[in-house]
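Here are my notes on the model you sent, set out as numbered points so that you can follow them with the structure open beside you. I begin with the overall layout and then move to the sheets, the core and one residue.

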Amino acid sequence: METVAYKPIDCSFHDLLEATITLRTYSHLQYFTDLWEFTTVTGLLKNLVSEREPDGLSEYLVIDTGERIRLDRVVNVNGTFAPPFRHYLDFTCDC
């Protein structure tokens with residue numbers, strides 16, 4: 001599988017993630033997996049970590065399940081869309 005180089009995220013969206021982690025409340029999170037599957041979860045956002053990879057530095061969001069999600073693949077947190085994904089629609093149903 002070909003990997004796509006990490007693209008740094010918007011500073012204001014990074015600040016939103018940090019604030020959400022600090023609040024320690026359950027959050028609605030939408031993101032793309034490594035296989036580009038669109039996924040929706042509800043859980044705690046635990047931490048932001050940086051890791052050096054062959055193509056440079058990448059940042060990840062760690063959630064309460066232990067899963068690490070690349071920040072450039074996070075689509076939506078609690079109804080706030082990341083700038084590259086602002087044109088996406090929320091297709092979830094809270095029924």
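**Notes on the predicted model**

1. Read from the N terminus on, the elements of the protein follow the order α-β-β-β-β-β-β-β, which amounts to 1 helix and 7 strands. The radius of gyration is 13 Å, close to the 12 Å that the globule rule gives for 95 residues, so the protein is as compact as a globular protein of that length. Please keep in mind throughout that this is a predicted model, and that every value below is computed from that model.

2. On overall dimensions, the C-alpha atoms fill a box of roughly 40 × 25 × 25 Å when the box is taken along the principal axes. The protein exposes about 6,100 Å², of which carbon and sulfur atoms supply 55%, and buried residues make up 38% of the 95 residues. If one takes the contacts between residues at least 6 apart in sequence, 48% of them join residues at least 24 apart.

3. How are the strands of the three-stranded sheet ordered? The order is β3-β4-β5, in an open sheet with antiparallel pairing. Here β3 and β5 stand at the edges, each with a single partner strand, so one side of each is left without a neighbour in the sheet. From one strand to the next, the twist averages 35 degrees. Helix α1 packs on this sheet, where α1 touches β3 and β4, and the direction of α1 makes about 135 degrees with that of β3.

4. Within this sheet, strand β3 (residues 45-53) and strand β4 (residues 56-63) run antiparallel and are joined by 8 bridges, and the two strands form a hairpin with 2 residues between them. Two pairs will help you to find the register on screen: Ser50 has Glu59 of β4 as its bridge partner, while Asn47 stands opposite Val62 in β4.

5. The next pairing, between β4 and strand β5 (residues 68-70), is also given as antiparallel and extends over 3 bridges. Tyr60 has Arg70 of β5 as its bridge partner, and Leu61 is bridged to Ile69 in β5. The hairpin of β4 and β5 has 4 residues between the strands, and in that hairpin Gly66 takes a positive phi near 95 degrees.

6. The other sheet is an open one of 4 strands in the order β2-β1-β6-β7, with antiparallel pairing. Its edge strands are β2 (38-43) and β7 (80-81), each of which pairs on one side only. Strand β6 (residues 74-77) and β7 pair in the antiparallel sense over 2 bridges, with Phe81 of β7 as the bridge partner of Asn76. Helix α1 (residues 11-23) lies across β1 (27-32), β6 and β7, and runs at about 55 degrees to β6.

7. Which residues touch the most other members of the largest nonpolar core? They are Leu17, Leu29, Leu45 and Leu61, out of the 20 residues in that core. As for where the core residues come from, α1, β1, β3, β4 and β6 each supply at least two of them. In soluble globular proteins, nonpolar side chains tend to be buried together. Leu17 is a useful place from which to inspect the core: leaving aside residues up to four places away in sequence, Leu17 touches Ile9, Leu45, Leu48, Leu61, Leu71 and Val77. Leu61, already mentioned for its bridge to Ile69, is thus among the residues that Leu17 touches.

8. Lastly, is Glu53, which lies in strand β3, buried, partly exposed or exposed? Its relative accessibility is 22%, and Glu53 therefore counts as partly exposed, since the buried class requires a value under 20%. Not counting residues up to four places away in sequence, Glu53 touches Ser58 and Tyr60, and Tyr60 is the residue whose bridge partner in β5 is Arg70. Glu53 and Leu16 are 37 residues apart in sequence, and their C-alpha atoms are 25 Å apart in space.

Conventions:
Residues numbered from 1 in each chain as written. Predicted model: local features only at pLDDT ≥ 70, side-chain atom pairs only at ≥ 80, totals over all residues. Heavy atoms only, no water. Pairing = 2+ DSSP bridges. Contact = heavy atoms within 4.5 Å. Axes fitted to C-alpha atoms, helices over the stretch in contact; angles between N-to-C directions. Core = buried A, V, L, I, M, F, W, Y, C linked by side-chain atoms within 4.5 Å. Buried < 20%, exposed > 50% of the residue type's maximum accessible area, 1.4 Å probe, protein only. Rg over C-alpha atoms; globule rule 2.2 N^0.38 Å. Areas by Shrake-Rupley, 256 points an atom, 1.4 Å probe, with all protein chains shown as cover.
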